[in-house]
Structure formats: structure tokens, C-alpha cells
Amino acid sequence: MKAPLSWILEHVDVPAGTTTEHLTDRLTLTGLKLEAVVSPGRDITGPLVIGRVLTMEPEPQKNGKTINWCTVDVGDANGTGEPQGIVCGAHNFEPGDLVATVLPGGVLPGGFEIGARKTYGHMSAGMICSSRELGLGDDHDGIIVLPADAGEPGDDVRPVLGLDEETIEFEINPDRAYALSIRGIAREVLVSVEGASDFRDPTDRTPPAPNDEGHPVVVEDAEGCPVFVARRVTGFDPTAATPDHIVQRITAAGMRPISLAVDVTNYVMLETGRPIHGYDADKVQGAIVVRRARDGERLTTLDGTDRALDPADLVVTDDSGIIGLGGVMGGETTEMSDTTTSILVEAAHWDAVSMYRTGRRHKITSEAGKRNERGVDPTICEAAADRVVELLVEHGGGTADAGVTVVGTPPAMPVIEVAGDLAARVSGMEISEERSIECLRAVGCEVSGSGTLTVTPPPWRPDLTDPQDLTEEVIRLVGYDHVPSVLPTPPSGRGLTRSQQLRRRIGRTLAGDGFVEVVTFPFVGTTDLDDLGLPADDPRRDLLRLSNPLSAEAPFMTTTLLPGVLRTAGRNVGHGNADLAIFEIGTVTLPRHSGPAAILPVDRRPSDDEFAALDAALPAQPLRLALVAAGDAASAGWWGPARPVTWSDAVEAIRSVAAAIGLEVKASSADLAPWHPGRCAELSVDGQVVGHAGELHPTVCQAFGLPKRTVAAEVDLDLLIERAVHLRPAPAFSSYPVAKEDVALVVDASVPAADVEAALREGAGELLESIRLFDVYTGDQVGEGKKSLAYALRFRAPDRTLKEGEAAAARDAAVALATERTGAVQRA
Amino acid sequence: MSGPNTDYDPVEVTPLKAEQVDEMREAALAAIAAAADLDALKQVRIDHTGDRSPLALANREIGALPPQARKDAGQRIGQTRGAVNQALAARQAVLEAEHEERMLVEETVDVSLPTTRARRGGRHPITLQSELIADLFVAMGYEVAEGPVVEAEWLNFDALNLGPDHPARSMQDTFWTEPAENHVVLRTQTSPVQARTMLTRKPPIYVVCPGRVFRTDEYDATHSPMFHQVEGLVVDEGITMAHLKGTLDHFASQLFGDGITTRFRPSYFPFTEPSAEVDVLCFVCRNVEPASCRTCRGEGWIEWGGCGVVNPRVLTACGVDPSVYSGFAFGMGIDRSFMFRHNLEDLRPLFEGDVRFASSFGTEI
């Protein structure tokens, strides 16, 4: 809400010397938050003065235009007292007129610097200004001609044009709809600013009594429209201009001046908070009927949109059909125009929920709708209509009809019982019952009783429905800044859960291993999944779709973190970060297709079953880890050559994470997009597949703009964390000497090294302390289709030194089992 | 070598003469002193104490002497050998020390050479900020609660006193999922975790819930469709706004520095009543001559988040008896807190994943 300060102060007095800053500080502290203080002249600097046109010589130009060479008396403002020579293109003035003149050195909105310059054969020293040039509106048809009594030449023109008017912009919360009006803001000034007094309510007037001579109105839905007031002005001059102060005020409030009739309804809405609609009375045929729309009915609204109406929409009709979407927007057929001479003024109170739904349904946001859907004082319809009539008559030369139609009565306000000490108990401040009553009365409540107070909120406060709402009113007036600062004493906490601790540990492990964490948006499109090379039946293509995605390219919640990290990796490569290792930890969304999540009642706790059903209706959202690495894992330097990233770095990163939480990962070969079919490891822990790692498929690298041989992994952290070893038994070490044996075994190239190692391990028996594959060789010496695996075995007994030959025997047993299981042949 | 002197005749054994032995000693000592390095000393050792050295040969001759002469000669040879060995050992020590010193000089490297082979990793600053905040509350005795980001509409709105026709629903531009009749949304706030907590725990409840939230905001320097909030919820007997103020003052001073306090302004949230906006004292200018302060843009205070006393309607919907318990709740943007704590004006680096950004924060902030 943008409120011109002078308008506010028309309705309330503040102590002399109250600054705008003090006023807005106080209002902010009681709940009307200052957004900005603006004045239309804030971008104008330098001399802008009243000038009197002394002479004007029309001079036709070659380009067909005629300019006026003027001399303008600007008093002493130019330092010489001599008339100022100025070229002006406008013609809507004559010698003797007072005009707004900017002199050289002045700067107009948009950084437009004024100087003396040669133009059309004259030295033009300044400019005679139009409204648009001063930022006062769009009017550029001519220059501003000031009233004859505006002042003397040389006087500052800013006050005359309202350029120094300060407009305060407030952020109005939904519960303070009353402050969407000068009336409401002035009332807030009264209760917020110390010493403020003499609130003058713009609706405090005595409208003529209702009679039967007004325009006939029938309200068929009194719940939707409890009050409908109709007044009529005839003999109105449609060409009458809107007075400057009204134009200035509604412009400052952010509304566009249109015509006197429209401007007046907007002016009164801003002043009182009550939206008003004006009809061209000559176009309204017969009685007005307010009802809900019927199936299939349509209406073309003022904005030219043809709308299919919903049976829940409230409409205003006449004999011709629907003429307006009640409280939201009028219809085209009865719109006021520049020939309208009879105006039917409607001031009606509408059901807020209905207004909200209709606004949302038809995607209409308007100043009227904004107020109607938040709740307007239902008791001021007559006064607001009367004020509109008054202004139309005053400025448009019309006559107010004697007929006054008032249908319905304002709904009663609820009566709320509240404990007299509730504000004290809620705030932790010492607030006496007397103080509470005083505050409640200050905001307009009627209060009676003691101990338990019986409170009737004022009609402009539909937001006050609960005892707790009343405590806020008391506490904000006592002052939030007086709430003491007291630390509560929680019971002993249990700290982070184990899962929370392990997640941190996993992040630290990855960072320690050189990976940088990224956070990406979880939105994907089918292109992302195509780029991953996922087959049509891949379960990762079963996606939850958003109804209103930001981008039509990415309307789904992702089922895999890979697109996000791969795009991020590609972006990094694009930025020149070629040696790259990144990871992301986040949830993915796996639809369960399990039906709706019920809208449960709110007046009681849902049952455990209801709550469980709610959870079951949500998609599964497991926590995942995804990582990508590319380029060099270790760079080249004086120590030697670089070590490029390989598929094994991806596997190792996951092994490292698993080891950090006490788990061992088994890798076996797999074929899954987006990985290279020969370089993809399925990772499992205790027989449970937890994810995949390896080198990306070359086409995937290309699709994501990544270098060849980029590697990636994705694992389910929930599965890993569930299996994390909690209490690990302390290990026992043997301090007897170790015996080392190396073996080299030749096997078919297709035999997994893990199988050979498992056989060696089992065959070697209990004396085996460790086994390590230290070389893999393929080539002439082992023959086509074969590979040689060289293992270092360490043997040790827990309780004695091994006897001569014991280790060798264990080694031979190991080899024998490996031969039996995998066809391994020991290399000579 | 002379044969055994079986007849006990005094035999003349030249090498055992005193002057001869003295000569051997002098020669040995001179050679030891002259040995310039460990290799030379090794040769000196062989020459003067080895099996074929004059002293060793002389020693062997002792047996050829008549018994009455052996003692004298033996003593002389023994003392000489002792003196030579001692000299050798001393010289060895000197030369070894010299050698070592020379070695160390020769092995000098340029320690200013680069040593970085492997990439440095780092955790995301938002993760770190979330953990830091969680830790501040865990230290006070709170626990960290969590909930799903794809959430039931009822938990995100209705249970929090945001009924279907509540104007505040349109303040939070919600991502809805299909089909609409499933009533599933991307949570617009971490507040549904509050509801979940009250539905699954009995008071006293002291929790914080950091997490991701979503709004349909176009992505720009100050808006993101996904951002991070931390929500706090306390439900206990006798909880007041004063406890809320105390908690947030403590939080502010822990996060932004000693003496940094908060300021409440009336506001509106459906789930709290009374509700307040929280401003935190600018930790850069501390509202002392704020005009030139870039952090708070001349305000002296920085908008930090929202808070309030839990609306009794919310307690009722979540199964907490409002006649026994009261509570407070607060919520702050983690990204926002990070941005002004670290002087970041454009939030996009947080979500664009350039490794230079996150890695500059390392693993703790």
C-alpha cells in the first residue's frame, strides 16, 4: 500500500515536528512495515521554478513542425532577473500563463541534464515542462499550465505540483487488510505514534437514509453478498477533468488515472478501503440481481477477456444477463465511457472466501479483489457510496438521485472470550488486565468483564477471531521491543542421530579425498534421461511430474542425482576446471503410485493410521550420493607424471565412504546406463546392491560436454547408513614375525580378480594375515586371452612364530584352491 | 715367525722390542690422524690393526717368548693396541660427524617447490552453514528433526493453519505435483517438519530442522526456486515470547558474534500468533553510523527471518493440548544467513557448482 503522507495526515494529527522517519519507525514497530518513502520529485535536482510566459513567437520549421520561441520571466531564479529565452514545441499555452520551467543546471528524471543549447536557430536556456518530463504521469500532449494563483515567477514549483509530496509504501500483511486504506493507516498512526490525536474517520458521515426510490436490487445469495448499496448520479459531465490532487494521490498510490468517474471510485477505495464499482447507468437494464453463476454462463470482463464462469462465482446481473463478476471485476457491457452521463454506484460487501476463490480461478488480481478477498469493513458501504456520489457531484457537475438502495445488513462480529492475563502469559511480559483492555479498546474492540474478557472486535478487523489474535494486538501495542530475552531450559538432548553423524562423516571423507560438494536443483526433463542413455523401460524414467514447473524442459523431480552432477561437471569443464571431482548428497523422488495424501481434519490430531497413510502416499525419497571425476587425479610435476582419473577412482571413492562408516564394498561387473558396459561396477554391501560406479559411456560424456573417460558413481546412502558398523570390537594383533610369500597366477582374462583372491584367501586358511594384488600382466609371456595376477601374501600366527615351511604350505594350499576354482596356473 | 721357545732360552724377538713397539704406535697414530675420510680410516684400520698389521704380528710373537718375558711384552703390546683402537674410534667419530654434516648439506632441497599432487576437496558452504547452526542448537540441548521435501499438502499447509482459502497460501508460490488430487507439494517451508515432530514426539519438544524448500521463484541474483531454511520449534509448559527472544538473541550472538542481538517487528504467519519478523543487529556496523555500511545497506539491522508463538490451532491439529503446552517457532534462510555472513551478493554461485566456490571454504566454516 502506497499512501501519500499528506493524505494520511488529513485524517489524524501528529505532534508538531514529527518526522516522516519517526512516523514510519513507529508504524513499523507496531506492524505496518515501511518498504520505502518516495516522492515524485526525488529524481529532480536543480532549479525548477514558476515561469510566466512573456512572449511567444511561432516559428514554422522545415520539418513541418512549428516551435514557439518564448521569453519567460523566472524572477531572480536565473541570477539576472532578465527574461529567459526558451524554445518550446507545445502550443497549449499563451503569454501570461504560469508554467513549470527548469533552468540550465537542472536534472529531470532519467538523468536528463538541462543546459543552454543552440536549437532551431536560438539559444534555448532551459525547458518548459510537461507532466511526463517531470515524472508526474504519461501526459505529454502539452506543457503544464499552472493555476494563475500558483505563485510568483522564480518560486520553486515543486510544492505546487506535489513533487515534494512524500508517499510511504507499506508492506501490509494479510491480517491487516484494514491498512489497505488511508483510513486504516491513519488509525494505526493514532495508536502507534505517541501524542497522535483527533482521528477523522473518512467514513464518519451521514449518508441519506435508504428508500424505495433507488435502483432496484435483489440479492439472492445473502451469504455471498450480505450488503449491497446502490446510488445514482445523473447529469454528469463525462469530459470533466479529475482534479489535480486526486490525480496526484491515486498516481502516488500506484493507480493509473483514467477518467473522473473511475478515478473517484479508486480514490474512495484508497481512502476508505471499500472497493466501489461504477456502472454506466443508462446501460443497466432493469433490476440488479446478485446470485451465483450458472453452468455455462460467460462474461466478458472490463479487461476484454471472455470468461467461462463457475457456479461458485458471485455475479451481478440485470435484464440483459451478467454485467459483472461481483467484487472482482465489472463487465464490458455496462462499462463507463467518455459519453457516460449517468452513473450507478455500487458499494457492496462480498464474502472474502468467495472473492479469493474467484480471483484465483480466473487469475485476476486487482486492487478491488485484493481488498475484498482479505476482508473489508462491511459497515461502511453506505458511507463510501455517499462519498463517491459527493465527489462525482462536486467535480463532474452531476446531481445525486434521491433514491438510495440498501439491501442487507452487515454480518455481526464474533464475540471472543479471552483470559485477562493471556497477553502476559503469551509474551512473558508484565501486562496487567487493565493495560490489555486499554490496548484492545485502542484498536477498536468493545471489551467487557474482568478475569475473562468478553471482546467484540471492530468491523474492520475480520482477522480477529481467536483469543490468541487479541493477544497479538495487546503485545504489539505494548511493544515487541519490550519483550524480555530469556533462555528456556531444554531437557538434556541426545545430540545428533547416528544417521546425521554418519552423513557428516561421509561428506568429510569425500572432501578429504579431493571431492568438492555441489548442490543442484532436482528438476529434470526427459532429455536429461535420454542423455544418460537410459533405455525406455528403465525404472528411473518413472518420474513425479510438477503441475507448474518453472521450465517446460525440466518438469519432473529427478530419480537420480546423476543429471545434476554431470551438468555441473560439464559447466565446470566449460569454466576451465578440467581436473575435477565433485559430489552431491541429496534425496531423489521415486513415485510409489499409492494414491492421494488425504486432506485431514485440523480440529484434532490425525490417528496414527491416518498419519501413516499420509506418509505412504508420498513418493519414496531415499538419500543418494553421486560423484563425478574427470581429468587428472594427481597432477604432473617435478615429482613425475600425472595420474589420470580412471574407472577405479569412482569405485575407490565409494569404498572410502563405506570404510569411513565401517563397511566393505564388493564390486562386480555390471552393465547399466550411463556407464561404459565394460567398465561398470555394481557395488554391494553384505549382498545388498547399493549402487554403481565406473567409467561413463563415451556418448554420455559427449552429451554432457565432459572429457572422455570421465567417471561417476551413484549410491544409496540410506542403505549404506543402515548397515554401518556401530560398535566395532577392538582388533587383536599378533606380534610374532610375519612370513611373506608371493605368487603369480595365470588365469583366463575373463576370470574376475575378486574370485581368484577369494579362492586364495579361503585356501590359505587361518594363517593368512593379508593378501594384496600387486600386479596384473597381460601380454606375450602369458599368451592370448590370459592374464597374470601377482599376489603378495602375508602369513602370521597369533600365538607363535611360524615353523619353516608352514607359510609355503599354506601358500601351496591357497594356489591349489585357486586352481580348482578358477583354473589358475602358477607362473614359474 | 719364531718357533716355540721350548728350551726357555732367551730369544731375541725383534718386533717385541720396546722401541719397535713405540714406532708401531707412532706410525699408527700418525696414520689415524692423517686419515682424511672414512674410507682412508678404514684402510688405516686394516694396515695398523688388521691380521697382517705389525701389531698383530707382534702380538703373535708373544708366545715365542720365555714365560718370564711374556708378561712384559704382552702388557706393552696390549697397551699399544688399546691406544691405537681408541685413536681409531675417536677419529671414526670425528669423520662420521663430518660426513653426516656434509651429507645433510648435500641433501638440501628447495622446500618452496610445489607439493600439490591431489585435488583439494571441500564441502558445500550451505551444508557447513546448516551443520554449524544445528550444532549451536544441539549444544543447547535441541535435537535435529527431518522430513521429506516432497510433502503432503495437509502437512505443508492445513496442519499449519493455512486452510485451502487462506490468502497466505498464494504468498508462498507452491510447486504442485500431478495428479493434483493427490495433494502432494514440494514443501514451501521447513514448517511441515514441525507438524511431523509434534505428531511423532511428546512434549517437551526442542528441535531444529534445517532443510531444502521450494518456491516457484524465477532464478536470479536474489531468488531461487530451491533454497534452504532452518526452522526451530519448542513446545513445553510455560513457553513465552520472552523465551523466543532469548533463544534468538543467543542464536544471533553465536552465529554473528558477541553482543549481536535481535529485534522483533509484528508480522503475520498463519502458524504463529503473535508473529514477528526478526531483524539481527548488523554484525559489521552494529548500527553505529550505519549509513556507509554495505552489509546492512544503511539500516543498522538485517532482516533475518520470521518467528512467533505457535498458534493454538496448530497445536490442536498436531495433537498437542494447547491448554497445557505452548510453544514458539522460528525460521531463517540458511542461504541468506550465509550470504550476509560471507558478503555474497548474488546467490547463484551457491547452486552453480563451480568447484572454485565451494572448495574455497574447505571443510569447515
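UniProt, in an unreviewed entry, puts a "binding site" annotation on E273(B). In this predicted model, E273(B) sits in strand β7 of chain B, which runs over residues 272-281. Is E273(B) buried or exposed? E273(B) counts as buried because its relative accessible area is 5%, and the cut-off for buried is under 20%.

There's a backbone quirk right there too: the peptide bond joining E273(B) and P274(B) is cis, with omega at about 0 degrees. P274(B) is also in strand β7 of chain B. Another cis bond, again with omega about 0 degrees, joins P203(B) and P204(B). P204(B) belongs to the loop between α8 (191-200) and β4 (205-214) of chain B.

These are worth a look, because most peptide bonds are trans and most residues other than glycine have a negative phi. On the phi side, two histidines go positive:

| Residue | Phi | Loop | Relative accessible area |
|---|---|---|---|
| H593(A) | about 50 degrees | between β33 (580-587) and α16 (608-617) of chain A | 63%, exposed |
| H183(B) | about 55 degrees | between α7 (167-171) and β3 (184-186) of chain B | 25%, partly exposed |

Over on the surface, E19(B), D22(B), E23(B) and E26(B) make up a negative patch. D22(B) is part of helix α1 (residues 18-34) of chain B, and D22(B) is partly exposed, with a relative accessible area of 39%.

Chain A has a record of its own: UniProt (unreviewed entry) lists "domain: FDX-ACB" at residues 734-827. That span is 31% helix and 34% strand, and its end C-alpha atoms are 31 Å apart.

How values were computed:
Residues are numbered from 1 along each chain as its sequence is written. Chains are lettered from A and ligands numbered from 1 in the order in which they are written. This is a predicted model: local features need pLDDT of at least 70, side-chain atom pairs count only at pLDDT 80 or more; totals for chains, interfaces and linings use all residues. Side-chain values use heavy atoms; hydrogens and water are left out. Patches are made of residues with over 30% relative accessible area and no salt bridge: like charges are joined within 9 Å, nonpolar side chains (Val, Leu, Ile, Met, Phe, Trp, Tyr) within 5 Å. Accessible areas come from the Shrake-Rupley method with a 1.4 Å probe; for residues, only the protein chains shown count as cover. A salt bridge is a side-chain nitrogen of Lys or Arg within 4 Å of a carboxyl oxygen of Asp or Glu. Lys and Arg count as positive and Asp and Glu as negative; His and the chain ends are not counted. The place of a charge is taken as NZ of Lys, CZ of Arg, CG of Asp or CD of Glu. Helices (H or I, at least four residues) and strands (E, at least two) are DSSP runs, numbered from the N terminus. Buried means under 20% relative accessible area, exposed over 50%, partly exposed in between (1.4 Å probe, protein chains only). UniProt positions are given in the numbering used here, feature names are shortened, and annotations may be inferred rather than shown by experiment.
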